[in-house]
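Here is a short briefing to read alongside the model. Take a moment to look it over, then follow the charges, the overall build and the salt bridges below.

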Amino acid sequence: MRAAEEVVAQLWDELGSVGVTLPSLRVDLVSLTSDSGAYPLVDLGRCNLDTALRLAAVLHGARE
């Protein structure tokens with residue numbers, strides 16, 4: 001759980017540094033209760049169109 005929380009915090013900081021905020025970004029609690037032994041999942045959550053466009057622009061810029 002701690003590692004997943006650290007990853008979420010790092011992702012939150014990095015996205016914030018390029019002007020993208022995903023308000024629902026969190027560790028997926030359901031994946032923590034799984035008996036399969038799989039790694040926890042990160043829930044990127046829902047976002048509005050403006051946030052989705054900013055995220056797409058950042059990803060596009062990183063590719064160039």
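Let's start with charge: the chain carries 5 positive and 9 negative charges, and the mean positions of the two groups lie 5 Å apart. Please keep in mind that this is a predicted model. Two salt bridges get most of the attention below.

**Overall build**
- Starting at the N terminus, the elements follow the order α-β-α-β-α, giving 3 helices and 2 strands.
- The radius of gyration is 13 Å, where a compact globule of 64 residues would come near 11 Å.
- Along the principal axes, the C-alpha atoms occupy a box of roughly 40 × 20 × 20 Å.

**Surface and contacts**
- Buried residues make up 16% of the 64 in the chain.
- About 5,000 Å² of the chain is exposed, and carbon and sulfur atoms contribute 59% of that area.
- Among contacts with a separation of 6 or more, 38% are between residues 24 or more positions apart.

**Arg26 and its surroundings**
- You will find Arg26 in strand 1, which covers residues 26-27.
- Its relative accessibility is 39%, so Arg26 counts as partly exposed.
- Beyond its neighbours within four places in sequence, Arg26 touches Val8, Leu41, Val42 and Asp43.
- Val7 sits 19 residues from Arg26 in sequence, and their C-alpha atoms are 9.5 Å apart in space.

**The salt bridge between the strands**
- As background, side chains of opposite charge can pair when their charged atoms come close.
- Which residue meets the side chain of Arg26 in a salt bridge? The partner is Asp43, with an N to O distance of 3.1 Å.
- This pair joins distant parts of the chain, since Arg26 belongs to strand 1 and Asp43 to strand 2 (residues 42-43), 17 residues apart.
- Asp43 has a relative accessibility of 24% and therefore counts as partly exposed.

**The salt bridge within helix 3**
- Asp50 pairs with Arg54 in a salt bridge, and their closest N and O atoms are 3.1 Å apart.
- How are Asp50 and Arg54 placed in helix 3? Because they are 4 residues apart in this helix (residues 49-63), about one helical turn separates them.
- Asp50 is partly exposed, at a relative accessible area of 46%.
- Arg54 is partly exposed too, with a value of 32% for its relative accessible area.

Terms used
Residues are numbered from 1 along each chain as its sequence is written. This is a predicted model: local features need pLDDT of at least 70, side-chain atom pairs count only at pLDDT 80 or more; totals for chains, interfaces and linings use all residues. Side-chain values use heavy atoms; hydrogens and water are left out. The radius of gyration is taken over C-alpha atoms; the globule rule is 2.2 Å times the number of residues to the power 0.38. Buried means under 20% relative accessible area, exposed over 50%, partly exposed in between (1.4 Å probe, protein chains only). Contact means heavy atoms within 4.5 Å. Accessible areas come from the Shrake-Rupley method with a 1.4 Å probe; for residues, only the protein chains shown count as cover. Lys and Arg count as positive and Asp and Glu as negative; His and the chain ends are not counted. The place of a charge is taken as NZ of Lys, CZ of Arg, CG of Asp or CD of Glu. A salt bridge is a side-chain nitrogen of Lys or Arg within 4 Å of a carboxyl oxygen of Asp or Glu.
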